[in-house]
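Reader: I'd like a close look at one spot, a charge and a ring, and then a walk outward from there. Could you take it slowly and spell out your cut-offs as you go?

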Amino acid sequence: LSSGQEFLICTNTSDQDWPAISGNTVVWLDDRNGNWDIYGCRLWSVGDDFPICTEAGVQGWPVISGSLVVWEDLRGVSHDIYAYDLSTAEEFSVCTAPADQTMPSVSGNIVVWQDTRNFLSSGYDVYAHDFSTGEEIAISTAPGNQLVPAVSGSIVVWVDGRQGWHIYGYDLETGQEFPICTAPGNQGHPAISGDFVVWEDERNGGWDIYGCNLSTGQE
């Protein structure tokens, strides 16, 4: 952005999809091996991309924070959450619980995802893993579906279907859940950075973008 110059990051003749970036590292889905794997590159060495996960089965939805790359993985009988530490070149499982774990988000030591282990009782739920403590946390197992979580620092946000489709949040430091937007119409696809949450919003008949400053509570 400082130079305004566009540049190619990966020109492999197969398909590349779903990029994510943190600092100077880009990761993406890559079909060069005949199924979807995870590849990456450093922006100071564009063209010198490297594999992150080429295991059997399909990998999807890569996200990155610092040196930690996280994705959903179908190497087994259901979708699980795996991670790779770029600083140690180590891959490890984050969650391999029964049923599907999908759509991860990562910030620092926290990974969150949507989870169907309790699907018959509560639909999709949101879970988290804290790498600093090794603890898994049930963020929301409320009735209805909790979907597409995102995390920044200690705050987790998601789309909540307990009473329509709205935006809810959870503070990992206090253990408290709180509504962010329960306006008429549907809200979806939240993103968060620091104190600011943004989402798509249907209250006016079409889809608009709204936001909330969590420090002031002002929408």
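**A charge over a ring, and what lies around it**

Author: Start at Tyr127: the charged end of Arg117 sits over its ring, 3.9 Å from the centre. For that label, NZ of Lys or CZ of Arg has to be within 6 Å of the ring centre and within 35 degrees of the ring normal. Before we go on, keep in mind that this is a predicted model, where local features need pLDDT of at least 70, side-chain atom pairs count only at pLDDT 80 or more, and totals for chains, interfaces and linings use all residues. Residues are numbered from 1 along each chain as its sequence is written, and side-chain values use heavy atoms, with hydrogens and water left out.

Both partners turn up again around Glu136. Leaving aside neighbours within four places in sequence, Glu136 is in contact (heavy atoms within 4.5 Å) with Arg117 and Tyr127, and also with Cys95, Trp113, Ala128 and His129. Glu136 belongs to strand 12, residues 135-140; strands here are DSSP runs of E with at least two residues, helices are runs of H or I with at least four, and the numbering goes from the N terminus. With a relative accessible area of 35%, Glu136 is partly exposed; the scale is buried under 20%, exposed over 50% and partly exposed in between, using a 1.4 Å probe and protein chains only. If you follow the chain on from Glu136 to Ala150, 14 residues along, the C-alpha atoms are 16 Å apart.

Now for an odd one, Asp130, in strand 11 (residues 125-130). Asp130 is buried yet has no salt bridge, and Arg117 is the nearest side chain of opposite charge, 15 Å away. In that count Lys and Arg are positive, Asp and Glu are negative, and His and the chain ends are left out. A salt bridge needs a side-chain nitrogen of Lys or Arg within 4 Å of a carboxyl oxygen of Asp or Glu. What Asp130 does touch, residues up to four places away in sequence aside, is Asn109, Ile110 and Glu135.

Salt bridges do occur elsewhere: the structure holds ten of them. Asp30, Arg32 and Asp49 are linked in a network. Arg32 meets Asp30 at 2.9 Å, N to O, and Asp49 at 3.0 Å, N to O. Arg32 lies in the loop between strand 2 (25-30) and strand 3 (37-42), while Asp49 is in the loop between strand 3 and strand 4 (50-53), so the pair ties together parts that are 17 residues apart in sequence. Compare the accessibilities: Asp30 is buried at 0%, whereas Arg32 is partly exposed at 24%.

Aromatic pairs are next. Rings of Phe, Tyr and Trp (its six-membered ring) pair if their centres lie within 6.5 Å; planes under 30 degrees apart are stacked, over 60 edge-to-face, and the rest tilted. The structure holds three such pairs. One of them joins Trp18 and Trp61, with centres 4.7 Å apart and planes at 35°, so the pair is tilted. This pair links distant parts of the chain, Trp18 in strand 1 (residues 16-22) and Trp61 in strand 5 (residues 59-65), 43 residues apart. Trp18 counts as partly exposed at 38%. Phe119 and Tyr124 make another pair, edge-to-face, with 5.8 Å centre to centre and 90° between the planes. Phe119 is partly exposed at 44%, and so is Tyr124, at 27%.

The charge-over-ring motif you started with shows up again: Arg203 lies over the face of Tyr210, 3.8 Å from the ring centre.

For a last stop, try strand 7. Six of the six residues of strand 7 (residues 80-85) are buried, so it is largely enclosed by the rest of the structure. Asp80, Tyr82 and Tyr84 point one way and Ile81, Ala83 and Asp85 the other. Strand 7 has partners in strand 6 (residues 68-73), antiparallel over six bridges, and strand 8 (residues 90-95), antiparallel over five; pairing takes at least two DSSP bridges. Tyr82 is the bridge partner of Trp71 and stands opposite Ser93 in strand 8. Strands 6 and 7 form a hairpin with six residues between them. Strands 7 and 8 form one with four residues between, and in that turn Ala89 has a positive phi of about 60°.
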